Amino acid sequence: MSSSYQKGWWTTNWWLARRLVPLFKRGSKLYIGTSDPTQTSAFHAITFKTGMTVEVIVVEDDKLSKAITKLKEDATVAIKALEDEDFGELEFADPDAPTASSADAAQPDVDDAPIVKFIHKILLDAVNAGASDIHFEPYEKFYRIRYRIDGELKEIVQPPLLLKEKMASRIKVISRLDISEKRVPQDGRLKLVISKTHAIDFRVSTLPTLFGEKIVMRILDSSAASLNIEQLGFEPEQKKLLLDAIARPYGMVLVTGPTGSGKTVSLYTCLNILNKPDINISTAEDPVEINLPGINQVNVNEKAGLTFASALRAFLRQDPDVIMVGEIRDLETSDIAIKAAQTGHLVFSTLHTNNAPATLTRLINMGVAPFNVASSVLLIMAQRPARRLCSHCKAPVDIPHEALLRAGFKEEELDGSWTSYGPVGCDACRGTGYKGRTGIYEIMPITDAMTRLIMKNGTAVDIADLALREGMVDLRHSGLLKVKQGVTSLAEIEAVTND
C-alpha cells in the first residue's frame, strides 16, 4: 500500500467503524469483506489511498462481527494502543558507523509511527520473553508473528494483512537491507539500543515467499557468552573431562549436534575460560554472532573468497594459541584444522552428527586419514537442549515401572529414592509447564584404546561400544539423570533423544 496515508486513515478503528474487513490482495485488486456493499464513499477512499481496485465481498453479518472482534483483539490492542506508548531511550544503531545518507534513510516517516512503535514492541517483548527468534510470516489470508521460546514456536499476534509490506520495509531499513529488492533472500544485522548500558543484537534474514517476504530475526544474547560452565548443565564428571581437555596445550575439541542445540554457547563458554592476556585466540565464524572482547573474530565471507580454510591459513601466520573454526564442512578445512592441532595449537570446531562416536567416522568419511584423526582429536562432545520444568508449577507424576524401564532406566535405579516430575502450566511459564533450557551431553574423550580402534578403521558402533565400556554416559542416560534430578520431564527427554 502507498506510504502517503493520512494519519489515522488506515488504523483499525477507521475500518471497524465502517464494518469493513480487508480479506486479501490479488494482483492490483484488494478484496474487502462487508455486510453493507452500499458504502461507495469508503470504497472510493480505499481506492484513492491504495491505488488498487476494490472488490467487495458480501459476508454474513454474524461472521463479520466475529472477524471484527478478532481484529480488535489482535490489531487494535497491538498497534493502535502503541501510538501513545513511551519507549524511553529505545533506538536502533548500526553495528557499523553509518554514513549521513544511510542515517537519514533510517529515520521513519511520521505517517509510519504506529508501525515503528509496533516493531519496537515486538522486539522488546521477544527479548523480555526470552525468545531466541522472531518470525514474521505472510500468508494469503493472514499475517502472523511467532516467537521461538525454549525451542518451541508460539504465535503471538496476527496483525492486519495490509500492513505486511510496511512492516517488512521498516525491518529492512533498520537492518541496512535493500528495501527495493524483494526477489532474493537478504541477510542483515541490527542493534537495538535499550539504554546507554544495554544493547541487543539481532541477525535478520529475509526470504521471498508466495505471499510476501518472510523475515526471521535471531536474537543474539551477549550474556550467553559469559555463561558460567556451571550453568550449562554438565554432570560433575562430564565437566571435569571437558576442563581437562581444554587445559591441554594442543589438540582438537569437537562439538556436535543439530542446529540450535547450543553448540555456539558451549564453544563461547570454553573460549571465555581460556580468554586471558597471555593467550592469542582467533575464531572464524559464519557469521560472528556475539562479540567477545579479547578474541580476534573473523566473519567468513565465501563470496569474497574468505572461507573457513583461507581464514585458518591466515590464523596460522598470526601466532595463535587457540583457534576456533565455526564448522568443519569439507576435507580442506578439516586437514588444515588437524594440522594446526598437531603443531602446537588448541583447536575448537563443530560438526553436524547425531552423536559423539559418529563424529570420528564422519571425519574419516570426509577423507581424513585415520591416523590423523587419532593423533589430533582430544575429546568429542555431543549435545541437545532440553526444556526445564517450571519451578513454580511442576508437580510429581506417577510413571509406570515398565515405562521407566523402556525409557532406559536400570532396575537398580528404580529404588524409590527419587520422584518424577511433569509440566503443569502457570503464569510464570505462560502455561507451558516449562521455563528455560538445560543441556544434556555425551562427552567422549579419546583414550589410548580408542586411538588403536580408530587406527583399525573401527565403525561408529564399535567406537560407541568401547566408549560405553569405558564409562561414557550417552545422551539418553544423560537426560535420564536430569529426570531423576527433577530438572525436566521424561516426555521431554524421550522427545529430544529419540534418534
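This passage describes a small sheet, a pair of packed helices, a C-terminal-side helix and one serine in a predicted model. The numbering of residues runs from 1 along the chain as its sequence is written.

Three strands are arranged in an open sheet of mixed pairing, in the order β1-β2-β3. Its edges are formed by β1 (20–26) and β3 (53–58), each of which pairs on one side only. On average, neighbouring strands of this sheet are turned by 30° against each other, direction ignored. Strands of a sheet pair through backbone hydrogen bonds, either parallel or antiparallel. For strand β2 (residues 29–34) and β3, the pairing is parallel and extends over six bridges. Within this part of the sheet, K29 is placed opposite T53 of β3. Helix α2 (residues 40–50) lies across β1, β2 and β3, and its direction makes an angle of about 140° with β3.

Two packed helices are described by the angle between their axes and the distance between the axes. Helix α14 (residues 448–455) packs with helix α15 (residues 460–469) at about 170°, and the two axes are 10 Å apart. Because of this angle, α14 is roughly antiparallel to α15. On the α14 side, the contact is made by A449, M450, L453 and I454, and on the α15 side by D462, I463, L466 and A467. Seven residues of this contact are nonpolar, one is charged and none is polar.

In helix α16 (residues 475–484), the buried residues are L475, S478, G479, L480, K482 and V483. The elements covering these buried residues include the helices α7 (236–246), α13 (401–407) and α17 (490–496), together with the strands β16 (377–389) and β19 (434–445). Just after α16, G486 adopts a positive phi of about 75°.

S266 belongs to helix α8 (residues 263–274). Its relative accessibility is 3%, so S266 counts as buried, the cut-off being under 20%. The side chain of S266 forms a polar contact of 2.8 Å with the side chain of Q383. When residues up to four places away in sequence are not counted, S266 touches L232, M381, Q383 and Y441. Q383 thus appears both in the list of residues touched by S266 and as the partner in the side-chain polar contact.

Note on methods: Predicted model: local features only at pLDDT ≥ 70, side-chain atom pairs only at ≥ 80, totals over all residues. Heavy atoms only, no water. Helix = DSSP H or I, 4+ residues; strand = E, 2+ residues; numbered from the N terminus. Buried < 20%, exposed > 50% of the residue type's maximum accessible area, 1.4 Å probe, protein only. Polar contact = N/O pair within 3.5 Å; in protein donor to acceptor, adjacent residues only side chain to side chain. Contact = heavy atoms within 4.5 Å. Pairing = 2+ DSSP bridges. Axes fitted to C-alpha atoms, helices over the stretch in contact; angles between N-to-C directions. Parallel < 35°, antiparallel > 145°, perpendicular 65-115°, else oblique. Nonpolar A, V, L, I, M, F, W, Y, C, P; charged D, E, K, R; others polar.
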